[in-house]
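Thanks for making time. Please have the sequence and the structure open while I talk. I'll go from single residues to helix pairs.

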Amino acid sequence: KERRTYMKSKKWLKSLAVTLSFAVIALGLSSCSSSDESSSSQLQVVSNFYPVKYLVDAIGGDLVSSTSLTPDGAEPHDLTLDAKSIASMNESDAIFYIGASFQPDVDAAVSNLPADVTAVDLAKAPGMVILDAPADLGKESLTGGKDPHIWLMPSNMIVMGAQIADTLKTLAPDSAEIFEANFDTLKSELSSLDQDMKIGLASCEQKTLVTSHAAFQYLGNTYGLRQIAITGISPDDQPDAKLLAEIANEAKAAGVKTVFFEDVLPADLSETVARAIGATTSLLSALEFTPEGTNDYISMMRDNLANLRAGLNCR
């Protein structure tokens, strides 16, 4: 009798174990299915480099799977696309980029995208302000001799953000209210940044901005500063000794006390000019590269504002 009871108990336990095993497997499959469904429901969005990806991430949030064509630490002006990058573009729902030969490889790949991929050239967004490239500085301007650094003007970032939001709403209309709310938050932050920069740079003793390369014309024009660039549109455009001397003389004549260099580029040319005119050096970011740590576009631009106020002796 005891043996029969034991056998029945053992059989029941075995049956329970099998049932539990199937339950665990089913739960796992359900979890995987839910995860896959969540992943597949996201819009697959590709950006050409950091400032554009920043906008996509802020507006799209968890509703988009966002990637950048420009690897961290790579110079965006010199981007060369590999097969993996082209494949990610072809398999995406949308790509947002700055065209007009800012990155010729991207322009070429966009021209060959499948018909179901939405490609948006943000340089053509309604309301975009595009300036002529500085005279005789660099070869890497946009088509028509335009300055590519449109993202260093917060109001242009708002224009690009509006275009991105409108596109995402068209691609995923059920999420339109979320995209719109995210854009409204972003617009408020960018507008606040723009206002703070206008106020912070309104009363500067020095209005001449000497920079390591010609990236800051939009910032200068917006806030009443005149840019003198040591190198051209691309930081690879190096000046000869004669031009370097001319820049130093012009900066000295303007009473420049601070020469700015970019945090991701060598400071040697800026230091050379600074030594020649008895000035100090300070940092500016052109926001072409992904910021380190928890920094983002807004925080880096506010760092730029603080350094400009100190270097230009702003009240």
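**Residues first, then helix packing**

Let's start late in the chain. Alanine 306 sits in helix α10, which covers residues 297-311. This is a predicted model, so keep that in mind throughout. Buried or partly exposed: what is alanine 306? Its relative accessibility is 44%, so it counts as partly exposed. Now look for leucine 201. Alanine 306 and leucine 201 are 105 residues apart in sequence, yet their C-alpha atoms are 9.7 Å apart in space.

Stay at this end for a moment. Asparagine 313 belongs to the segment after α10. Asparagine 313 has a positive phi, about 55°, and it is not a glycine. Why mention that? Most residues other than glycine have a negative phi. Asparagine 313 is partly exposed, because its relative accessibility is 41%.

There is another case of positive phi. Alanine 100 has phi near 55°, again a positive value outside glycine. Where is alanine 100? In the loop between β3 (94-97) and α4 (104-110). Its relative accessibility is 30%, so alanine 100 counts as partly exposed.

Now the overall picture. The protein has 10 helices and eight strands. Of its 315 residues, 45% are buried. And the contacts? Take those between residues at least 6 apart in sequence: 63% of them join residues at least 24 apart.

Next, some buried positions. Alanine 214 lies in the loop between β5 (208-213) and α7 (217-222). With 0% relative accessibility, alanine 214 counts as buried. Which distance goes with it? The C-alpha atoms of alanine 214 and alanine 229 are separated by 4.9 Å, and the two residues are 15 apart along the chain.

Serine 47 is in strand β1, residues 43-47. Serine 47 is buried too, with a relative accessible area of 0%. What does serine 47 touch, leaving out residues up to four places away in sequence? The list is Val52, Lys53, Val56, Thr67, Ser68, Leu69 and Phe96.

Then aspartate 194, in helix α6. Aspartate 194 has a relative accessible area of 13%. The cut-off for buried is under 20%, so aspartate 194 counts as buried. Which side chain does it pair with in a polar contact? That of tyrosine 223, at 2.7 Å, side chain to side chain. Setting aside neighbours within four places in sequence, aspartate 194 is in contact with Pro154, Thr222 and Tyr223.

That brings us to helix packing. Two packed helices are described by the angle between their axes and the distance between the axes. So I'll give both for each pair.

Pair α5 and α6. Helix α5 is residues 154-171, and helix α6 is residues 176-200. Their axes come within 10 Å and cross at roughly 180°. Over 145 degrees counts as roughly antiparallel, so α5 and α6 are roughly antiparallel to each other. Who makes the contact? From α5: Pro154, Met157, Ile158, Gly161, Ala162, Ala165, Leu168 and Lys169. From α6: Ala176, Phe179, Glu180, Phe183, Lys187, Leu190, Ser191, Leu193 and Asp194. By class, this contact has 11 nonpolar, two polar and four charged residues. Note that Asp194, the buried aspartate from a minute ago, is on that list.

Pair α2 and α6. Helix α2 is residues 50-60, and its axis comes within 7 Å of the α6 axis. The crossing is at roughly 125°. Therefore α2 and α6 are oblique to each other. On the α2 side we have Tyr54, Leu55, Ala58, Ile59 and Gly60. They meet Phe179, Asn182, Phe183, Leu186 and Glu189 in α6. The classes here are seven nonpolar, two polar and one charged. Phe179 and Phe183 of α6 contact α2, and they also appear in the contact with α5.

Last pair, α8 and α9. Helix α8 runs over residues 241-253, helix α9 over 268-277. The axes come within 9 Å and cross at roughly 50°. So α8 is oblique to α9. Which hand does the crossing have? The crossing of α8 and α9 is right-handed. Leu244, Ala248, Ala251 and Lys252 contribute from α8. Leu269, Thr272, Val273, Ala276 and Ile277 contribute from α9. That contact divides into seven nonpolar, one polar and one charged.

That's my tour. Over to you.

Methods. Residues are numbered from 1 along each chain as its sequence is written. This is a predicted model: local features need pLDDT of at least 70, side-chain atom pairs count only at pLDDT 80 or more; totals for chains, interfaces and linings use all residues. Side-chain values use heavy atoms; hydrogens and water are left out. Axes are lines fitted to C-alpha atoms, for helices over the stretch in contact, and angles run from 0 to 180 degrees between N-to-C directions. Helices (H or I, at least four residues) and strands (E, at least two) are DSSP runs, numbered from the N terminus. Angles under 35 degrees count as roughly parallel, over 145 as roughly antiparallel, 65 to 115 as roughly perpendicular and the rest as oblique. Contact means heavy atoms within 4.5 Å. Ala, Val, Leu, Ile, Met, Phe, Trp, Tyr, Cys and Pro count as nonpolar, Asp, Glu, Lys and Arg as charged, and the others, Gly among them, as polar. A crossing is left-handed if the near helix is turned anticlockwise from the far one by less than a right angle, and right-handed if clockwise. Buried means under 20% relative accessible area, exposed over 50%, partly exposed in between (1.4 Å probe, protein chains only). A polar contact is a pair of N or O atoms within 3.5 Å; within protein, one must be able to donate a hydrogen and the other to accept it, and residues adjacent in sequence count only if both atoms are side-chain atoms.
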